[in-house]
Amino acid sequence: MKIVVRPERGWGKVTFDVPDETFEKIKRLAEKYKFRMDEVLRIILLHGYTEGAEGDIETLEREIEDLERRLYRIEGEWSPLKFRAYYIAMDNQNLAIQLSGMMAENKRLRKQLGLPNRENPEVEEKIHYYLSFEKPPIEKLTPDDGEPDRAKGNGE
């Protein structure tokens, strides 16, 4: 059984795990002596009528310290990776901008030279990905109304 204790003011709370058989004993005693359950629990918790609480608290504190050390170690390993990933994403974005400009220039030069235009859907998809643009809408004709309709899977 979980017991949650909240202060009269504020947002904090403390949670206790009480074995079911112990909770049943407490409940029977409360009924026998005509106490409310919250009063019995308050007396038990405030006046230290718990068994082995000191040893459990020390063990929990050691576990918390161990977990904090592990957290700081993992944080130390993760921070440089996050930093590196950010700069790689920025490099990819800059390269996508440059590539987009080169593709536009290539298209313009091909038009001036009278050469046929080349489609590069894979490259355009990468540019849209790295610049975080939505995919361009794909339109199709529906058989029932003849109106253009957006294809499925483009985020709408």
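Here is a friendly conversation about this predicted model, one question at a time.

Reader: In which pattern do the helices and strands follow one another along the chain?

Author: Good place to start! The chain holds four helices and four strands. Read along the sequence, these elements come in the order β-β-α-α-α-α-β-β.

Reader: How much of the chain is made up of buried residues?

Author: The chain has 156 residues. A residue counts as buried when its relative accessible area is under 20%. By that cut-off, the buried part of the chain is 10%.

Reader: What share of the contacts with a separation of 6 or more joins residues 24 or more positions apart?

Author: Here we look at contacts in the chain whose partners have a separation of 6 or more. Among these contacts, the share from residues 24 or more positions apart is 20%.

Reader: Which elements give two or more residues to the largest nonpolar core?

Author: In soluble globular proteins, nonpolar side chains tend to be buried together. In this model the largest nonpolar core has eight residues: Ile3, Val18, Phe23, Ile26, Ala30, Val40, Leu41 and Ile44. The elements that supply two or more of them are α1 (20-32) and α2 (37-46).

Reader: Which residues does isoleucine 3 contact, leaving aside its neighbours within four places in sequence?

Author: Isoleucine 3 is one of the residues of the largest nonpolar core, and Val18, Phe23 and Leu41 belong to that core too. With neighbours within four places left aside, the contacts of isoleucine 3 are Val14, Thr15, Phe16, Val18, Phe23 and Leu41.

Reader: What is the phi of lysine 34?

Author: Lysine 34 sits in the loop between α1 and α2, and it is exposed, at 73% relative accessibility. Most residues other than glycine have a negative phi, and most peptide bonds are trans. Lysine 34 is not a glycine, yet its phi is positive, at about 60°.

Reader: Which residues are joined into one network by salt bridges that share partners?

Author: The count of salt bridges comes to three. One of them links arginine 36 with aspartate 38, with the closest N and O atoms 3.1 Å apart, and another links arginine 36 with glutamate 39 at 3.7 Å, N to O. Arginine 73 and glutamate 77 form a salt bridge as well, and both lie in helix α3, four residues apart. The network built through shared partners consists of Arg36, Asp38 and Glu39.

Reader: Are aspartate 38 and glutamate 39 buried, partly exposed or exposed?

Author: The partly exposed class lies between the 20% and 50% cut-offs. Aspartate 38 has a relative accessible area of 37%, and glutamate 39 is at 28%. Therefore aspartate 38 and glutamate 39 are each partly exposed.

Reader: How far apart are the N and O atoms in the salt bridge of arginine 73 and glutamate 77?

Author: Both residues lie in helix α3, four residues apart, about one turn of the helix. Arginine 73 is partly exposed at 48% relative accessibility, and glutamate 77 is partly exposed at 47%. Their side chains meet in a salt bridge whose N to O distance is 3.8 Å.

Reader: Why does arginine 110 have no salt bridge with glutamate 119?

Author: Arginine 110 is found in helix α3 (residues 53-113) and is buried. Glutamate 119 is the nearest side chain of opposite charge. A salt bridge needs a side-chain nitrogen and a carboxyl oxygen within 4 Å, so this pair does not qualify, being apart by 10.0 Å.

Reader: Which residue has its backbone oxygen 3.0 Å from a polar atom of the arginine 110 side chain?

Author: Not counting residues up to four places away in sequence, arginine 110 touches Leu115, Pro116 and Arg118. From among these, the backbone oxygen at 3.0 Å belongs to proline 116.

Reader: What is the angle between the planes of phenylalanine 83 and tyrosine 87?

Author: The whole structure has three aromatic pairs. Phenylalanine 83 and tyrosine 87 form one that is edge-to-face, with 4.9 Å centre to centre and planes at 65°. The two residues are about one helical turn apart, because they are four residues apart in helix α3. Phenylalanine 83 is exposed at 55% and tyrosine 87 partly exposed at 44%, and the angle asked for is 65°.

Reader: Which residues do ring pairs link into a cluster?

Author: A pair of aromatic rings is described by the distance of the centres and the angle of the planes. The pair of phenylalanine 83 and tyrosine 87 is edge-to-face. The cluster linked by ring pairs is Phe83, Tyr86 and Tyr87.

Notes
Residues are numbered from 1 along each chain as its sequence is written. This is a predicted model: local features need pLDDT of at least 70, side-chain atom pairs count only at pLDDT 80 or more; totals for chains, interfaces and linings use all residues. Side-chain values use heavy atoms; hydrogens and water are left out. Buried means under 20% relative accessible area, exposed over 50%, partly exposed in between (1.4 Å probe, protein chains only). Lys and Arg count as positive and Asp and Glu as negative; His and the chain ends are not counted. A polar contact is a pair of N or O atoms within 3.5 Å; within protein, one must be able to donate a hydrogen and the other to accept it, and residues adjacent in sequence count only if both atoms are side-chain atoms. Contact means heavy atoms within 4.5 Å. Rings of Phe, Tyr and Trp (its six-membered ring) pair if their centres lie within 6.5 Å; planes under 30 degrees apart count as stacked, over 60 as edge-to-face and the rest as tilted. A nonpolar core is a set of buried Ala, Val, Leu, Ile, Met, Phe, Trp, Tyr and Cys residues joined through side-chain atoms within 4.5 Å.
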